Amino acid sequence: MHQVPYTPPTYLLDGFNCPFCHAFSTQHWGKPYLVAGQNQYGPSDLYWMCRCNRCGKWSFWVEGELKFPQANLAPTPNVDLPEEIAADFEEARAILQNSPRGASALLRLCIQKLCVHLKQPGKNINDDIATLVQLGLPIKIQQALDIVRVVGNNAVHPGQLDLKDDVTTATQLFGLVNIITDALISQPKQIEAMYSSVIPEGQRNAIEKRDKA
């Protein structure tokens, strides 16, 4: 299954993944009227409301920050991510707002486990990626793997990378893990399913003999 790009809820952006229904949709912005007792004070640039065109629900923003609902800004894991790795992915999502560094480190662990899933030793991520490159790993996927590996590693080493409050960078890593999963698991799975269903068994056997020769 192709992984649809994820756009987190973003202040005044006219389209993103809704914090309620999670679908990518057009967003309509407006300022609420402030009311205190019997008095109306009119709109303020500090307060905004945003309506999802897909589900119709309203989110509320104060000084550029989403206050309701308390949304998790990270994308959900690719459906083809193995269950054990998806659990680490979800744990990283749960702590993203409070600990971008911890989330980045967990995503590095996801990459390490993903290498094991791809039949690599898993003892050294750098060596595993090098082996996958030798086996024909596309350069852009190699770069995505190394981004998550390096950022996740440096996030837990003082002085190498300060991710203490960098939610944006950590959020981007979630998207990279999904891109990697799509390229290394989802797409091969889809091709294999189509290959088995479309090409007759006799022709598949002939192709296997051709390739062995």
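Which residues does L107 touch, not counting residues up to four places away in sequence? Select L107 together with F89, A92, V148, A170, L173, F174 and V177, and its contacts (heavy atoms within 4.5 Å) are on screen.

This is a predicted model, in which local features need pLDDT of at least 70 and side-chain atom pairs count only at pLDDT 80 or more, while totals for chains, interfaces and linings use all residues. Residues are numbered from 1 along each chain as its sequence is written, and side-chain values use heavy atoms, with hydrogens and water left out.

**The cores**

Keep L107 selected and add I111, V148, F174 and I180: these are the residues with the most contacts inside the largest nonpolar core, which has 32 residues. A nonpolar core here is a set of buried Ala, Val, Leu, Ile, Met, Phe, Trp, Tyr and Cys residues joined through side-chain atoms within 4.5 Å. Buried stands for under 20% relative accessible area, exposed for over 50%, and partly exposed for values in between (1.4 Å probe, protein chains only). Colour α1, α2 (100-117), α3 (125-134), α4 (139-154) and α5 (167-198) next, the elements that give two or more residues to this core. The most comes from α5, with nine residues. Helices (H or I, at least four residues) and strands (E, at least two) are DSSP runs, numbered from the N terminus.

Then move to F16, W48, W61 and L66, which are included in a second, separate core of five residues.

**Helix α1**

Select R93, in helix α1 (residues 83-95). Is this arginine buried or exposed? R93 counts as buried, because its relative accessible area is 12%. Beyond its neighbours within four places in sequence, R93 contacts N72, A74, P75, T76, P77 and F174.

**Strand β7 and its surroundings**

Go to F68 in strand β7 (residues 65-68); with a relative accessibility of 46%, F68 is partly exposed. Add W58 and F60 to show the nonpolar surface patch that these two make with F68, about 300 Å². Such patches are made of residues with over 30% relative accessible area and no salt bridge (a side-chain nitrogen of Lys or Arg within 4 Å of a carboxyl oxygen of Asp or Glu); like charges are joined within 9 Å, and nonpolar side chains (Val, Leu, Ile, Met, Phe, Trp, Tyr) within 5 Å. Accessible areas come from the Shrake-Rupley method with a 1.4 Å probe, and for residues only the protein chains shown count as cover.

Step on to P69, in the loop between β7 and α1. The peptide bond joining F68 and P69 is cis, with omega about -5°.

E63 is in the loop between β6 (58-62) and β7. Its phi is positive, near 50°, in a residue other than glycine. The relative accessible area of E63 is 60%, so E63 is exposed.

**The loop after β1**

Select H22, between β1 (15-17) and β2 (24-30). H22 is not a glycine, yet has a positive phi of about 70°; its relative accessibility of 52% counts as exposed.

**Cysteines**

How many disulfides does the structure hold? The structure holds zero disulfides (pairs of cysteine sulfur atoms within 2.5 Å). C21 is unbonded because its sulfur is 3.8 Å from the closest cysteine sulfur, in C18, which is too far for a bond. C110 is in no disulfide either, and the nearest cysteine sulfur, that of C115, is 11 Å away. C110 is buried at 1% relative accessibility, whereas C21 is partly exposed at 31%.

**Helix α6**

End at N205 in helix α6 (residues 201-212), partly exposed at 35% relative accessibility. From C-alpha to C-alpha, N205 and K113 are 33 Å apart in space, with their places 92 residues apart in sequence.
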